[in-house]
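Please find below my notes on this model, set out as numbered points. They take up the strands and sheets, the helices, the two chains, the DNA and a few backbone details.

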There are 2 protein chains.
Amino acid sequence: MRDVAALAGVGLKTVSRVFNEEPNVSAATVERVRDAAQRLDYRLNLYAGDLKRTDRRARTIGLIVGSVANPFSAAVNRGVEDVAAGRSTAVFASSLDEDPNQETRIISEMLGRRVDALILTTVKRNQSHLVKEQERGTVLVFVDRAPSGIAADTVVTDNFNASGTAARHLLAHGHRRIAYLGDDAQLWTAQERKSGFHTALADAGIDAAGVPTIQDLHDERAAADAVGALLDSAERPTALFTAQNLVTIGAIRALRQRSLQHEIALIGFDDVSLADMLEPGITVLAQDPYRIGQLAAERAFARLDGDRSEPQLLVVPSGLIPRGSGEIRPKTAS
Amino acid sequence: MRDVAALAGVGLKTVSRVFNEEPNVSAATVERVRDAAQRLDYRLNLYAGDLKRTDRRARTIGLIVGSVANPFSAAVNRGVEDVAAGRSTAVFASSLDEDPNQETRIISEMLGRRVDALILTTVKRNQSHLVKEQERGTVLVFVDRAPSGIAADTVVTDNFNASGTAARHLLAHGHRRIAYLGDDAQLWTAQERKSGFHTALADAGIDAAGVPTIQDLHDERAAADAVGALLDSAERPTALFTAQNLVTIGAIRALRQRSLQHEIALIGFDDVSLADMLEPGITVLAQDPYRIGQLAAERAFARLDGDRSEPQLLVVPSGLIPRGSGEIRPKTAS
DNA sequence: CACCGGACTGACACCGGTGTCATTGGTTAG
DNA sequence: CTAACCAATGACACCGGTGTCAGTCCGGTG
């Protein structure tokens, strides 16, 4: 910057004014400075200014998701990015892989980088350790999973009700023996979905104890194996509810492998690419991850703009899309 | 930091030493400082130090891809992230949407944030404007598409040969009238794929002029419409080669809609989720985007570590996975 | 013609750290 | 016993900017 000032024959502060488009700089001076900068290939150092600036905003937000490679997270990421881009804000995204140890490390990393806001999916049961950070002024917005031990804006899918809808849909098609296949039981979403599902079954007079329930399925392979074992068992269910996208895919594989895709009903939570092109099409509860990302980013910016209202809980509805697999009726009427 | 130093009763520099784990600090002092920091909830400001530090590394890299929501880009992103995490480096990812105007803006944004390295997918025909930045010390690594007008490490898929493989595969199954459906013709990848494909056909005595070739298909919808029109035309091809993942999906839809999925052969470039579960399974040239991301990040760090060798061109092989759709034979022998 | 307010501009301290170098006190070799 | 050396520590300038404030120049006023 000194070089630019020297070349343009002006003071440092004037160069700063030009680049920050502050008023009260003559057109001629602006011209000279821009010219000099161009010649020297100069660019403002965004972070240096932040040290002194009072609002202390680095125009950076951090995003912590399951994995940037997961379609759900990727869509959230894009939603956040699109809103952030409109505010000249860059996004650090980091994958958590549902590892509680990573959680602390990554959050700490992000805070060291002084992100203005943190949009995060958490794994740990309790987020109270973030209260101090929140009080210091870092904006926190939770996505996909509600936090505990801390009050902050949260954007989630309507897990409980949607899962109930899936259960009722299967019940309406005559199923009585429906299995639940879910993600890590410690996750908030997994709990909500399971309880929404079980509650709806209970309302129909089906005891939760009798519902085959398998949890802690982290990937396709594990899900396929678990579903396979279930299908091969003596008490084979007539319908499956898979509460996460990778689990759904695993279930599809297991069903195909046994040529049962036309006999066992399946409803998956979270839409899956090409689900409508399969035979049968896969009935899903479609979430709107892009929208979730957008809303979370909007909340973050609202807070940064000074919104001091009560923390909000935004619930994004997810709708059941019947495509065939969820409308299969049980072979032998129970 | 002043507060911590005061509370611990030591000098500023000592606090700095503790947090940077520099040698020659007594255990007792370390203890006191860490204690004070804990109590004050203090954290190093990563960027402040960078101003003075000589190596001037912000431990940040920028990644520019088509869209973080596209499965290909998302996998690249994850590959980059995993390598970066091992080096305590954060990743800024930004979506380009194949918009040349965005390209300049985003790159400029990233450079203003002083990223140590930039891993980028470019849209513009020429990248010579980046030479100045490169000379200044910013590491550039191109992914997916080779740059022109600049020499830098580049990691790409073996587009030309793989496309030729697809062509030969279809020829071997008796096809003579094969259509090419591609992405934006201006893109380097699109050009490579098209020319690899056409060259292989030419080698078999099929004139490129007679090959139905449709380009500039940016999304599923456009691809489905284009494929539909082609299928409805008088000169319906017996096989399709779709040179990008969204185009492949569009083609699948168009074929299904006309119940032609068992009659018209299809090979797609880039694997697609659930492709093996469809009827028929979709034969694809599977890329390894995760690997591409990894390699790109490794090159970037190698350069940051001082590697001054000639720019490398790394070609990641992509293999043909036969799943059914590519092995369909033409109905009427030509 | 002296006075005043507003447009421009630059000097300077300071943001939160780190590199450099000098200082201190205790050990060890000669 | 003294010189030499090393571990431990802090003072201070400086990194690349920005906020503050004071100074200069001008046209407009009374």
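1. In chain B, strand S9 (residues 265-269) and strand S10 (residues 283-286) run parallel and are joined by 3 bridges; strands here are DSSP runs (E) of at least two residues and helices runs (H or I) of at least four, numbered from the N terminus, and strands pair when DSSP finds at least two bridges between them. Within this pairing, Phe269(B) has Leu285(B) of S10(B) as its bridge partner.

2. This is a predicted model, in which local features need pLDDT of at least 70 and side-chain atom pairs count only at pLDDT 80 or more, while totals for chains, interfaces and linings use all residues. Residues are numbered from 1 along each chain as its sequence is written, and chains are lettered from A and ligands numbered from 1 in the order in which they are written.

3. The sheet of chain B that holds this pair is open and mixed in its pairing, with 6 strands in the order S7-S6-S8-S9-S10-S12. Its edges are strand S7 (213-214) and strand S12 (319-321) of chain B, and each of these has a single partner strand, so one side of each remains without a neighbour in the sheet.

4. Which strands of chain B does helix H8 (residues 159-172) lie across? They are strand S6 (178-181), strand S8 (239-242), S9, S10 and S12 of chain B, and the helix runs at about 170° to S9(B), the angle being taken from 0 to 180 degrees between N-to-C directions of lines fitted to C-alpha atoms, for helices over the stretch in contact. Helix H10 (residues 220-232) of chain B also packs on the sheet, where it touches S6, S7 and S8 of chain B and makes about 160° with the direction of S6(B).

5. Strand S1 (residues 60-65) of chain B has 6 of its 6 residues buried, so it is largely enclosed by the rest of the structure (buried: 20 or more other C-beta atoms within 10 Å; exposed: 12 or fewer; partly exposed: in between). The burial applies to both faces, with Thr60(B), Gly62(B) and Ile64(B) on one side and Ile61(B), Leu63(B) and Val65(B) on the other. S1(B) runs parallel to S2(B), to which 6 bridges join it, and Leu63(B) has Ala93(B) of S2(B) as its bridge partner.

6. Chains A and B each give 39 residues to their contact (C-beta atoms within 7 Å). On the side of chain B, helix H4 (46-52), helix H5 (71-85), strand S2 (90-95), helix H6 (100-112) and helix H11 (245-257) each supply at least two residues. That side of chain B divides into 21 nonpolar, 7 polar and 11 charged residues, with Asp, Glu, Lys and Arg counted as charged, Ala, Val, Leu, Ile, Met, Phe, Trp, Tyr, Cys and Pro as nonpolar, and the others, Gly among them, as polar.

7. Chain B is superposed on chain A by a rotation of 180° with 0.1 Å of shift along its axis, at an RMSD of 0.1 Å (least squares on C-alpha atoms with pLDDT of at least 70 in both copies). The two copies are thus related as by a two-fold rotation axis. Since 100% of the interface residues of chain B are also interface residues in chain A, the copies meet through the same surface.

8. Around DNA strand C there are 25 residues, the closest being Gly11(A), Leu51(A), Met1(B), Ser16(B) and Gly49(B) (near: C-beta atom within 6 Å). Helix H2 (12-19) and helix H4 (46-52) of chain A, together with helix H2 (12-19) and H4 of chain B, give two or more residues to this surface, which by class has 10 nonpolar, 10 polar and 5 charged residues.

9. DNA strand D is likewise surrounded by 25 residues, and here the closest are Met1(A), Ser16(A), Gly49(A), Gly11(B) and Leu51(B). H2 and H4 of chain A and H2 and H4 of chain B each supply at least two residues of the surface near DNA strand D, and its classes are 10 nonpolar, 10 polar and 5 charged.

10. Some backbone details deserve a look. The peptide bond from Glu279(A) to Pro280(A) is cis, with omega near -5°, and so is the bond from Glu279(B) to Pro280(B), with omega near -5°; Pro280(B) lies in the loop between S9 and S10 of chain B.

11. Two residues that are not glycines have a positive phi: Asp270(A), at about 90°, and Asp97(B), at about 55°. Asp270(A) lies in the loop between S9 and S10 of chain A and is buried, with 24 other C-beta atoms within 10 Å, whereas Asp97(B), in the loop between S2 and H6 of chain B, is partly exposed, with 13 other C-beta atoms within 10 Å.

Conventions. Contact = placed C-beta atoms within 7 Å.
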